[in-house]
Amino acid sequence: MVACPEDERAALVAAAGYLDKKMREIQTSGKVIGTERTAVMAALNIAHEFLDLRNRGGMAIDTVQKIKFLQTKIDAALRWDAQTRQ
């Protein structure tokens, strides 16, 4: 569970779906083993896509702010998950 304002819920669900898709692509490749490593690789791939779009001017400021908000939520969820596994 990740808490977020109701008006951000759809964006968070979309981000989670996109992250899940990227993680499944990485897992399917068979080159990365482990959920945490897969999550890191997916995060790096998504960050690369984000920076590429930003550098080409293909993203509006409000979109960047939403991505930063979602990144914070995802980071918090990953930290929580890591703590609960210990």
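Accessible areas come from the Shrake-Rupley method with a 1.4 Å probe, and for residues only the protein chains shown count as cover. The structure is a predicted model, in which local features need pLDDT of at least 70 and side-chain atom pairs count only at pLDDT 80 or more, while totals for chains, interfaces and linings use all residues. Residues are numbered from 1 along each chain as its sequence is written, and side-chain values use heavy atoms, with hydrogens and water left out.

**Exercise 1.** State how much area the protein exposes and what share of it carbon and sulfur atoms supply.

Solution. The exposed area is about 6,700 Å². Of this area, 57% is supplied by carbon and sulfur atoms.

**Exercise 2.** Determine which secondary structure the protein contains, taking helices (H or I, at least four residues) and strands (E, at least two) as DSSP runs numbered from the N terminus.

Solution. The count comes to three helices and zero strands. Followed along the sequence, these elements give the pattern α-α-α.

**Exercise 3.** Identify the residues of the largest nonpolar core, a set of buried Ala, Val, Leu, Ile, Met, Phe, Trp, Tyr and Cys residues joined through side-chain atoms within 4.5 Å, where buried means under 20% relative accessible area (1.4 Å probe, protein chains only).

Solution. This core consists of six residues, namely L19, M23, I26, V32, A39 and A42. Helix 1 (9-29) and helix 2 (35-55) each supply at least two of them, and the largest share, three residues, comes from helix 1.

**Exercise 4.** List what I26 touches, leaving aside residues up to four places away in sequence, with contact meaning heavy atoms within 4.5 Å.

Solution. With those neighbours excluded, I26 touches K31, V32, T38, M41, A42 and N45. Among these partners, V32 and A42 also belong to the largest nonpolar core.

Conventions:
Buried means under 20% relative accessible area, exposed over 50%, partly exposed in between (1.4 Å probe, protein chains only).
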